[in-house]
Amino acid sequence: MADHDKTRRALEQRLALLSQRTSRIEAHLREPGARDSEELAVERQNDEVLEGLGDAELQEIDEIRAALTRIGDGAYGECATCGESIAEGRLEALPYTSLCIDCASQAE
Ligand SMILES: [Zn+2]
């Protein structure tokens, strides 16, 4: 079994960073909006941007958690669809990916 300690550490660091950032976004979203209607509109736009950002990051958090589970299970680096090994270069670029390049391009 390959040693994924380095990958796991990198994923855990990324996870911590993302968790920090999303909790900041949530804190901002809970702030009461400005009373002035114009400011409120701008505020609302910003919130939409922040919510979109939050979604992407929450998804990445899910994927990183799943990747950490796969490392624990010894299934890391195997494609979740076809079971083939995921190319090393692809894992370096996308350490939390669960699909090989062929299945990923078919899924798109
Ligand atoms: Zn595959």
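The largest nonpolar core of the protein is made up of five residues: Leu-11, Ile-64, Ala-67, Tyr-76 and Tyr-96. A nonpolar core here is a set of buried Ala, Val, Leu, Ile, Met, Phe, Trp, Tyr and Cys residues joined through C-beta atoms within 7 Å. A residue counts as buried if 20 or more other C-beta atoms lie within 10 Å of its own, as exposed if 12 or fewer do, and as partly exposed in between, with C-beta atoms placed from the backbone. Going by that cut-off, 9% of the 108 residues are buried.

This is a predicted model, in which local features need pLDDT of at least 70 and side-chain atom pairs count only at pLDDT 80 or more, while totals for chains, interfaces and linings use all residues. Residues are numbered from 1 along each chain as its sequence is written. The average pLDDT (the predictor's confidence in each residue, from 0 to 100) comes out at 85, and 82% of the residues score at least 70. Among the elements, helix H3 (residues 88-93) has the highest mean, 93, and helix H2 (residues 37-73) the lowest, 80.

As for the fold, the protein has four helices and zero strands, giving the pattern α-α-α-α along the sequence. Helices (H or I, at least four residues) and strands (E, at least two) are DSSP runs, numbered from the N terminus.

Helix H1 (residues 5-30) has 26 residues, and at 1.5 Å a residue it should span 38 Å; its end C-alpha atoms sit 37 Å apart, which agrees. The expected span is 1.5 Å times one less than the number of residues. Just one of the 26 residues of H1 is buried, so this helix lies largely in the open. Asp-5 belongs to H1 and is exposed, with 9 other C-beta atoms within 10 Å. Even so, the C-alpha atoms of Asp-5 and Ile-71 are separated by 8.8 Å, with their positions 66 residues apart along the chain.

Over in helix H2, Asp-62 also counts as exposed, with 11 C-beta neighbours inside 10 Å. Asp-62 and Leu-15 are 47 residues apart in sequence, but 9.2 Å apart in space, C-alpha to C-alpha.

Back at the core, Tyr-76 is in contact with His-4, Ala-67, Arg-70 and Ile-71, leaving aside neighbours within four places in sequence. Contact means that the C-beta atoms of two residues, placed from the backbone, lie within 7 Å. Across the protein, among contacts between residues at least 6 apart in sequence, 52% join residues at least 24 apart.
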